[in-house]
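Please examine the fold presented here, beginning with its sheet and ending with its aromatic side chains.

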Amino acid sequence: MREAPIVVGVDGSQAATAATDWAAAWAERVGRPLRLLAAGRGVRVTALFVRETAGVLEAHPDLRVDCVHEPVDASAALVEASRGAAAVVVGSRGLGGWHELRVGSVARDVTVYARSVVTVVPAQARRIGEGPVVVGVDGSPESGEAAEFAADSAAALGRDLLVVTVCGDEAAAARCATAESTAAELAPAPARVACAVVGAAAGRDRRRPEGPRIAASVLVGAPAPTLAAVARDASLLVVGSRGAGGFAGKLLGSTSQAVLELSPCPVAIVRAG
């Protein structure tokens, strides 16, 4: 079976070009091919693909790159592509829509409906930063898989890993810091989560048996702004698609949505399963 690519949406916008640059560096680090996907009718795809591919190969000459044009809505094309992708990368907002919006409709649709991990890259993040990979955990299945993805990403990128749990008050934070329970209302201790996921990541990647350096923190505050503040200098912020609270039927939780609006660095949204 062909190796699943990292798929990135391209449309000529500043944010999409930043996403392409970021996705190319990430694909090279994780050893995946890169697929440039343009969507819509009336798009001057040849010139777009030539320009974007040239930029990618100038910076990453050994990267495997292909290009696909789908004459359908961008959201639909990227969601469909996610079925066979290792991950989908999109710019925070494209050419259309309201300039006042930090996250555009395509990015939001893809994070809600995609079947793979989705990383949303702000226009200013053209390269992978030097800071740690930060992951928010709260005891939900989604955050558990987010932690595994974060550990793998930290190992591949050669970055430290910071595992963060955000609690609403000091009493909850004190309980969480030493908790052995995995009940929905009480997250497991972040340090224990960190050790478990890093050990698993190291076991999957024999090239890096030591895994990334890890740290864990329990903080008090509102989840989204607290995670965004912690990730101010991060290479990547990883969150589950929905947390332990909220409505079970929601495809994207309120914290994940708010993090997309607030984070200064790329955000990866991870689904359970």
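The paragraphs below treat the sheet, the helices that lie across it, and a group of aromatic rings.

The model is a predicted one. Its sheet is open and has ten strands, arranged in the order 3-2-1-4-5-10-9-6-7-8, and the pairing is mixed. Strand 3 and strand 8 (214–220) occupy the edges; each has a single partner strand, so one side of each is left without a neighbour in the sheet. On average, and with direction ignored, neighbouring strands of this sheet are turned by 20° against each other. Strands of a sheet pair through backbone hydrogen bonds, in either the parallel or the antiparallel sense.

One edge of the sheet may be considered in detail. Strand 2 (residues 34–39) pairs with strand 3 (residues 65–70) in the parallel sense, over six bridges. Within this pairing, Leu-36 has Cys-67 of strand 3 as its bridge partner. Between the two strands the chain passes through helix 2 (residues 45–59), and the resulting β-α-β crossover is right-handed. Helix 2 lies across both strand 2 and strand 3, and runs at about 155° to strand 3.

A parallel pairing also joins strand 9 (residues 236–240) to strand 10 (residues 267–270), here over four bridges. The bridge partner of Val-239 in strand 10 is Ile-269. Helix 9 (residues 254–262) lies across strand 9 and strand 10, and also across strand 5 (117–121). The direction of helix 9 is at about 165° to that of strand 10.

The aromatic side chains remain to be described. The model contains two aromatic pairs. In one of them, the ring centres of Trp-22 and Trp-26 are 5.2 Å apart and the planes stand at 55°, so the pair is classed as tilted. Because Trp-22 and Trp-26 are four residues apart in helix 1 (residues 14–30), about one helical turn separates them. Both Trp-22 and Trp-26 are buried.

Trp-26 also pairs with Phe-149, in an edge-to-face arrangement with 6.0 Å from centre to centre and 85° between the planes. What does this pair tie together, given that Trp-26 lies in helix 1 and Phe-149 in helix 5 (residues 141–157)? Because the two rings belong to these two helices, the pair ties together parts that are 123 residues apart in sequence. Phe-149 is buried, as is Trp-26. Trp-22, Trp-26 and Phe-149 thus form one aromatic cluster.

Key:
Residues numbered from 1 in each chain as written. Predicted model: local features only at pLDDT ≥ 70, side-chain atom pairs only at ≥ 80, totals over all residues. Heavy atoms only, no water. Pairing = 2+ DSSP bridges. Right-handed = clockwise from strand over helix to strand, strands pointing away. Axes fitted to C-alpha atoms, helices over the stretch in contact; angles between N-to-C directions. Contact = heavy atoms within 4.5 Å. Phe/Tyr/Trp six-rings, centres within 6.5 Å; stacked < 30°, edge-to-face > 60°. Buried < 20%, exposed > 50% of the residue type's maximum accessible area, 1.4 Å probe, protein only.
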